[in-house]
Amino acid sequence: MTTTSHSGSSAGVTRQYAPYVKADWGYANHWYPALLSDELEDGTVKGITIGGHDIAVRRSAGKAYAISDRCMHRGVKLSAKPMCLSEGTITCWYHGFTYGLEDGSLTTIVGNPDDSLIGKAGIRTYPVEEVNGIIYVFVGEEDYGTPPPLSSDLPARVTNDPNDNPVPHLQDEGIVIRGIHRKLVGNWRLAAENGLDPGHLLVHWDNQILVALDRALPLGVNALTDSATEEIDIPDGPKGVMNRYDRPDLYKPVLDNPKVNMKARGTVPHYFRTSLWVPGVLMVEHWPITDVVQYEFYVPIDDHHHEYWEIIATRATTDEDIAEFNFKYDNFMLPLALEGFNNSDVFAREATEEHYTRFDGWNNEVLCDMDYSIVAWRKMAARHPRGFFESPFQDED
Amino acid sequence: MTTTSHSGSSAGVTRQYAPYVKADWGYANHWYPALLSDELEDGTVKGITIGGHDIAVRRSAGKAYAISDRCMHRGVKLSAKPMCLSEGTITCWYHGFTYGLEDGSLTTIVGNPDDSLIGKAGIRTYPVEEVNGIIYVFVGEEDYGTPPPLSSDLPARVTNDPNDNPVPHLQDEGIVIRGIHRKLVGNWRLAAENGLDPGHLLVHWDNQILVALDRALPLGVNALTDSATEEIDIPDGPKGVMNRYDRPDLYKPVLDNPKVNMKARGTVPHYFRTSLWVPGVLMVEHWPITDVVQYEFYVPIDDHHHEYWEIIATRATTDEDIAEFNFKYDNFMLPLALEGFNNSDVFAREATEEHYTRFDGWNNEVLCDMDYSIVAWRKMAARHPRGFFESPFQDED
Amino acid sequence: MTTTSHSGSSAGVTRQYAPYVKADWGYANHWYPALLSDELEDGTVKGITIGGHDIAVRRSAGKAYAISDRCMHRGVKLSAKPMCLSEGTITCWYHGFTYGLEDGSLTTIVGNPDDSLIGKAGIRTYPVEEVNGIIYVFVGEEDYGTPPPLSSDLPARVTNDPNDNPVPHLQDEGIVIRGIHRKLVGNWRLAAENGLDPGHLLVHWDNQILVALDRALPLGVNALTDSATEEIDIPDGPKGVMNRYDRPDLYKPVLDNPKVNMKARGTVPHYFRTSLWVPGVLMVEHWPITDVVQYEFYVPIDDHHHEYWEIIATRATTDEDIAEFNFKYDNFMLPLALEGFNNSDVFAREATEEHYTRFDGWNNEVLCDMDYSIVAWRKMAARHPRGFFESPFQDED
């Protein structure tokens with residue numbers, strides 16, 4: 001038996017989403033989450049990296065700014081030793097180069113206020129939006145022009161909820177957001193595909209949250225038609241693909257595989273629905289519980305690492321409702337869902353990385369019927385790319 | 001004084017065993033030890049790597065099987081999270097791809113029993129033999145054909161023992177085998193040569209086992225003729241070279257070097273004999289004690305690491321003899337020989353690696369007269385190679 | 001605001017000191033400190049690396065010798081397991097190759113005193129000088145010929161001290177020397193430039209030694225003329241540049257920068273003066289206190305690491321004066337200056353390395369007016385180079 005598949009060879013398929021295969025450093029010219037609001041106290045600086053861009057995020061007089069984290073002088077990171085001497089500026093700790101946060105211009109040098117460079121040079125800044133507890137930064141080409149609206153890079157607003165109680169959008173008013181993020185080994189695409197993947201239920205087979213809630217989890221969910229995955233391409237708005245688990249006419253759950261003596265577990269049915277959006281945002285409606293939504297961002301750091309964001313949002317406006325949500329988040333959703341359940345996904349993504357890095361996995365994978373949804377996503381993500389991040393390293397050794 | 005040697009330049013010599021210099025990933029199409037039998041309980045899976053081949057070794061219904069450790073789908077290692085759902089199969093923990101152990105065919109996918117890939121694709125398997133407590137796997141080209149017998153890749157059966165009590169062969173009946181193996185830094189050839197090397201006795205000068213037994217250890221053992229190293233090339237059988245320490249007419253021990261005020265230590269003579277066999281197996285007859293034999297395998301993992309196997313075998317059939325051997329193994333041979341004595345060799349090999357890796361040591365070494373045996377080995381190993389392992393990495397970064 | 005500077009682009013400037021930009025492994029054919037005398041007891045061996053040269057330093061019968069740390073045979077480091085069997089030799093621990101320390105010739109092989117290599121081959125040695133507690137080695141091309149005097153690679157003797165009490169030279173009689181050295185991440189040039197840099201005072205802003213002594217430290221020190229940095233180029237002698245802080249007509253301290261609400265701290269004036277010498281030696285006269293001098297060597301190990309040497313010297317001949325200096329060194333200068341104050345420099349250099357390594361910093365830096373002194377140094381160091389160290393690695397992977 002050779003390793004060549006007779007029906008699943010990916011060679012022909014790959015050509016259909018070539019721009020996606022090329023996007024190993026991520027898609028440029030998009031909004032990405034940088035920090036949670038409560039991670040950035042007033043007056044402080046934190047350094048992050050998105051798609052190879054080192055960015056210092058600074059809050060001054062309440063407002064969040066993003067500026068290149070590389071001093072123009074000798075290239076040190078401003079965030080290596082944060083120095084903020086006045087409102088609206090950030091100062092490099094090494095030689096005192098001081099930049100205005102609005103436009104990045106060199107406004108003074110601490111030890112030489114008359115230096116001829118002052119006012120004639122500077123570093124780049126990045127557009128920032130802060131909504132509902134998340135600081136987003138628009139990262140890409142410096143001359144890209146006016147960024148598209150943040151909403152175009154977030155999952156679309158849900159309207160067609162089967163129970164008529166659509167989960168909230170990240171920009172909605174009257175919602176509460178909690179979450180975590182962490183740096184993981186693995187290309188951002190492997191993470192995004194894992195999030196959407198209707199075929200990976202096996203890794204969650206024994207997860208405590210499912211056993212505790214006795215949730216009915218099928219062995220797999222298979223499409224009945226070639227076009228079961230909905231493709232959503234809103235002009236000037238979100239682009240994504242959705243597993244329409246709300247439509248039983250399109251999907252068939254697999255409950256039994258006698259060949260390996262395996263049956264689906266759990267008795268309590270639970271409705272949820274997954275969708276994945278450019279540039280790499282997952283929405284899981286009604287997850288981990290009904291009326292709550294889990295968003296995940298897979299933010300490219302470099303070609304082999306991503307920042308994994310897990311956000312849970314719900315509608316809550318009264319102090320009592322907010323306190324109830326926070327209690328459940330701290331003592332149930334965080335440990336059992338974001339950590340317990342999703343750590344199985346983290347394991348899977350990190351285990352996948354080696355094949356795609358060292359064995360050219362994009363051309364040496366063999367997709368199967370269950371990958372209908374992932375192929376739809378790849379094609380969607382390959383359409384109308386705004387740009388590609390590229391390795392910033394000029395001299396690697 | 002320049003670094004150029006007047007008599008030992010290796011440039012001319014290297015040409016005489018070019019295939020050996022090329023074999024940095026090891027020789028392909030040979031039998032190699034994979035695991036000790038007692039490391040693989042029934043129903044379990046362990047992952048190993050030989051010559052760049054990632055292999056899952058699984059025991060099912062008592063029998064050991066070897067199969068590619070890379071799922072054809074997304075390339076994860078099956079052994080990363082072993083999942084065995086039925087006899088005669090192995091299942092990938094990520095998406096449930098299930099392979100038959102006999103031929104590697106895809107027999108089902110847990111979550112999609114009707115997938116069109118099933119029955120039409122698969123992954124490769126490797127021939128396995130299990131003898132006397134060691135599981136061997138034949139690793140090399142997938143289309144190599146019927147493997148040669150295991151015996152052709154083990155040291156030859158000893159017949160000409162000077163005391164007329166030849167040590168047992170690894171395939172003999174009525175023997176007991178104990179041993180350990182560990183992953184070491186260093187190319188497999190540096191390890192193999194260190195094992196045979198008649199010139200490296202200095203690293204064992206102060207080893208506790210020699211001091212405790214007051215063993216007579218010369219400073220060096222030098223050949224009296226150019227052809228002192230016996231070359232053994234059995235048609236369709238083992239190929240190796242032997243230091244004929246049993247023939248005093250061929251060797252002269254060095255007992256004194258007044259230039260550095262050094263004399264050989266120890267008073268108790270001890271007969272032993274070393275030989276090295278393709279594809280990298282050492283036999284030390286009557287070592288660490290008489291009537292016992294130490295085998296060492298230097299199994300290539302990649303070009304800079306090998307799995308170091310140390311096996312001690314003896315004839316024993318009665319419970320009492322077996323218990324006596326096990327007691328001596330646990331409380332004397334393991335700590336003082338396999339660990340104490342051989343750890344000096346481990347140090348030496350790891351110290352040699354840098355020169356051969358970063359300074360092209362194969363062309364920048366200066367061999368001396370004491371290397372007669374190693375040169376004979378290199379030439380023997382360079383003859384009739386069955387194949388070469390090559391780096392499996394397609395996109396290294 | 002783009003990242004292009006209008007007045008500080010380094011592209012044109014770089015051409016003026018191209019040999020310096022090329023010297024990433026350091027300048028060859030110079031004297032460098034290898035060890036402190038008290039680090040090398042009689043009979044012992046220590047291994048060091050300078051400019052890619054692995055060197056074994058051995059003291060035999062009181063005298064220090066330097067010899068290649070690579071055995072000619074199989075390339076192991078002699079210093080990995082020091083073996084010294086007789087005066088005037090060093091023996092390789094693996095196969096007993098024994099070399100004479102004077103000329104590196106192979107004088108015997110422990111296990112084969114009649115080997116045909118003996119007397120016909122060898123390894124290279126390096127010239128050594130030991131003065132006032134420091135062992136210096138001349139490292140470079142093997143056929144360079146007679147080395148220039150050690151004094152040509154040390155800071156020049158001070159004659160023009162403003163208080164008429166010039167600090168001692170490293171080769172003076174009647175002085176005491178104390179110090180430390182450590183391996184740091186970072187190219188040697190980034191370390192050297194940091195030492196001289198008149199613009200980096202900000203990193204010392206809050207150093208305990210300055211606060212404790214209430215030292216007046218300006219925010220910056222700016223040159224009033226283009227030629228404020230003195231260039232010292234003594235024929236067959238030291239080459240260096242000096243910040244003439246003793247001449248107030250040439251420099252203006254910056255005490256205030258209202259743009260960032262920052263004022264210079266401290267009230268006690270203190271005279272010191274910095275100069276930097278080829279191949280990378282800093283002299284800080286009257287530092288950390290008057291009548292004491294701090295020398296720093298930035299010895300290249302490879303292109304990304306240097307050995308950072310901090311030496312404090314003073315004149316002292318009586319036991320009482322020596323004891324007083326040692327007490328102050330141990331309990332004040334070592335913890336507060338060499339460690340406390342200079343650790344801020346260590347942080348800065350290590351933070352600078354990434355930009356110069358991965359972003360081609362030598363062509364992607366933007367120098368400012370405060371860098372007058374560094375540019376003068378680069379030009380001086382670019383003149384009459386004796387040679388360049390190069391990567392010794394033939395097969396990197």
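**Exercise 1. How many Å separate the centres of domain 1 of chain A and domain 2 of chain A, taken over C-alpha atoms?** Then describe what joins the two domains.

*Solution.* A quick word on ground rules: this is a predicted model, where local features need pLDDT of at least 70 and side-chain atom pairs count only at pLDDT 80 or more, while totals for chains, interfaces and linings use all residues. Residues are numbered from 1 along each chain as its sequence is written, chains are lettered from A and ligands numbered from 1 in the order in which they are written, and side-chain values use heavy atoms, with hydrogens and water left out.

Step 1. Grab the bounds: domain 1 of chain A covers 30–128 and domain 2 covers 156–384, as given by an automatic or database domain assignment. Their centres, over C-alpha atoms, sit 35 Å apart.

Step 2. Look for contacts (heavy atoms within 4.5 Å). Here 12 residues of domain 1 of chain A meet 10 residues of domain 2 of chain A.

Step 3. Work out the buried area (accessible area, 1.4 Å probe, that two parts lose on being put together, summed over both). The two domains of chain A bury about 910 Å², 73% of it on carbon and sulfur atoms. On the domain 1 side, Y32(A), P33(A) and L36(A) lose the most area, together 54% of what that side buries.

Step 4. Check for salt bridges (a Lys or Arg side-chain nitrogen within 4 Å of an Asp or Glu carboxyl oxygen). Between these domains the rule finds zero.

**Exercise 2. How many residues of chain A are in contact with how many of chain C?** Take that interface apart too.

*Solution.*

Step 1. Contacts link 47 residues of chain A with 50 residues of chain C.

Step 2. The area buried between chain A and chain C comes to about 3,900 Å², with carbon and sulfur atoms giving 54%. In chain A, R74(A), Y94(A) and V110(A) lose the most area to chain C, together 18% of what that side buries.

Step 3. Salt bridges between chain A and chain C number four. Have a look at R70(A), which forms a salt bridge with E354(C), the closest N and O atoms being 2.6 Å apart.

Step 4. Finally, sort the chain A side that touches chain C: 17 residues are nonpolar, 16 polar and 14 charged. For this tally, Ala, Val, Leu, Ile, Met, Phe, Trp, Tyr, Cys and Pro count as nonpolar, Asp, Glu, Lys and Arg as charged, and the others, Gly among them, as polar.
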